[in-house]
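This report examines one protein structure, residue by residue and region by region. Please keep the sequence and the three-dimensional view at hand while reading.

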Amino acid sequence: MIEMRLSDLAQQLNAKLHGDENIIITGVASINNARVGHITFLKDQRFLSQLRSCRASAVILSKNNLIFCKIAALVVEDPYIAYVKIARLMDTTPKPSKNIASGAIIASDAILGQRVGIGANAVIESEVILGDDVIIGPGSFVGKKTRIGTGTRLWANVTIYHEVEIGECCLIQSGAIIGSDGFGYINDHGVWTKIPHLGTVKIGNNVEIGACTTIDRGTLDDTKIENGVIIDNQCQIAHNVIIGARTAIAGGVIMAGSLTIGRDCMIGGASVINGHINICDKVTITGMGMVIKAITQPGIYSSGIPVQLNTVWWKTAALIMRISNMNKRIKTIEEKLKKLLFL
């Protein structure tokens, strides 16, 4: 457990403190579940009712909401950003060991930087290069000639295929697979023949990749993930996809091959994006979006039908099935009206 005085937290946040500066904070909690020793935050006025009954020792809030607070407070410009900073200060995630476990298998010609940690049963193959402060979690596999930059961490059971390049300060969660073959086949007289994937995956700096996400290697050219990209769990990124810097991708997204996504985009969860198209910079696709053609203008894009009662949905589906016939009938009526009007 981490303990910090409220005055120390105020100093870290450059916040104005109201109340007892000697209060000891032992954790961060939501406004509903906070107890003595916790610090919480008030994001906006919709949660003022919870603030009145809050049991936390202190709350982070804006100047406008201070008059409603009866407990110690840290006043900041943006309470949510301040909460994130405090959560980072009080993060109890175990620090990785920077030792090399006796059960790790490391090729004799692999090059390891300083303070590298390699967990039990991890495998580091020939000609791998690991930068300083790299952490390879237990059970992970790093294939031949792969390069991993300074400060990057792999959690347990991550698989990195051969000749992959990963930049500095990346975080790859458990079960992720990087550099696997894409779904590339040609039908040769009724027989599916596999297309060799001769490219690789190149990942920039400060990239985060979620648990059980798969990033396929390119066929001839490379799959590329640029600096600062964040990818959630269980995403599928096919061969030769290019994702621009600082783009954020939520869970369950499927990207087909040879797709290019611009910089500073946001892709909502469970979206499906066609291959061989381009999406420009600063595009937001809301959850469960289906993208079948290129997007050339920044903005927010949505698709799909919100959930309905099953009986209502059946009627909606029936109407959709009849749209083609309805359209033909409307056109016929329009033509008849035109003729009548010009008689």
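Is T146 buried or exposed? In this predicted model, T146 is buried, with a relative accessible area of 0%.

## A buried residue in a loop

T146 belongs to the loop that runs between β14 (141–142) and β15 (147–148). When neighbours within four places in sequence are left aside, the contacts of T146 are E127, V128, I129, I160, Y161, H162, E163 and V164. The residue can thus be found in the view by looking for two stretches of the chain, one including V128 and the other including Y161.

## The nonpolar cores

In general terms, nonpolar side chains tend to be buried together in soluble globular proteins. The largest nonpolar core here holds 49 residues, and the members that touch the most others are I136 and I279. Two elements, β23 (201–203) and β36 (283–285), give two or more residues to this core. Another core lies apart from it and has 18 residues, including L9, L74, A82 and M90.

Which residues does I279 touch, leaving aside its neighbours within four places in sequence? The contacts of I279 are L259, T260, I261, G262, C265, I273, I285, V291 and I295.

## Cysteines without disulfides

How many disulfides does a search of the whole structure find? The search finds zero. A disulfide requires two cysteine sulfur atoms within 2.5 Å. For C54, the closest cysteine sulfur is that of C69, at 8.2 Å, and this is too far for a bond. C265 is likewise in no disulfide, as the nearest cysteine sulfur, in C280, is 6.6 Å away.

Both residues can also be described by their accessibility. Because buried means under 20% relative accessible area, C54 counts as buried at 11%. C265 counts as buried as well, with a relative accessibility of 1%. C265 has already appeared above as one of the contacts of I279.

## Two pockets

The largest pocket contains about 640 Å³ of space. It is lined by 21 residues, of which R88, D91, R153, L171 and E208 are the closest to its centre. Helix α3 (residues 79–89) supplies the largest share of this lining, namely five residues. By type, the lining comprises eleven nonpolar, three polar and seven charged residues.

The second largest pocket has a volume of about 170 Å³. Its lining consists of I285, G289, M290, V291, I292, K293, A294, I295, Y301, S302 and S303. Seven of these residues are nonpolar, three are polar and one is charged. Three residues of this lining, I285, V291 and I295, are also among the contacts of I279.

## Positive phi angles

Most residues other than glycine have a negative phi. C169 has a positive value, near 55 degrees, and lies in the loop between β18 (165–166) and β19 (171–172). With a relative accessibility of 44%, C169 counts as partly exposed.

H276 also has a positive phi, near 60 degrees. This residue is placed in the loop between β34 (272–273) and β35 (278–279). Is H276 buried or exposed? H276 counts as exposed, because its relative accessibility is 69% and the limit for exposed is over 50%.

## Further loop residues

A250 sits in the loop between β30 (248–249) and β31 (254–255) and is partly exposed, with a relative accessible area of 27%. A250 and G268 are 18 residues apart in sequence, while their C-alpha atoms are 5.3 Å apart in space. Leaving aside neighbours within four places in sequence, A250 is in contact with D232, C235, I267, G268 and G269.

N64 is located in the loop between β6 (58–61) and β7 (72–75). N64 is exposed, at 61% relative accessible area. From C-alpha to C-alpha, N64 is 9.3 Å from V75, and eleven residues separate the two in sequence. Q308, in the loop between β38 (299–301) and α4 (310–321), counts as partly exposed at 31% relative accessibility. Not counting residues up to four places away in sequence, Q308 touches W313 and T316.

Terms used:
Residues numbered from 1 in each chain as written. Predicted model: local features only at pLDDT ≥ 70, side-chain atom pairs only at ≥ 80, totals over all residues. Heavy atoms only, no water. Core = buried A, V, L, I, M, F, W, Y, C linked by side-chain atoms within 4.5 Å. Buried < 20%, exposed > 50% of the residue type's maximum accessible area, 1.4 Å probe, protein only. Helix = DSSP H or I, 4+ residues; strand = E, 2+ residues; numbered from the N terminus. Contact = heavy atoms within 4.5 Å. 1 Å grid on protein atoms, 1.4 Å probe; cavity = no way out; pocket = protein on both sides within 12 Å on 5 of 7 lines; lining within 4 Å. Points joined across faces, edges and corners; volume = space filled by probe spheres on them. Nonpolar A, V, L, I, M, F, W, Y, C, P; charged D, E, K, R; others polar.
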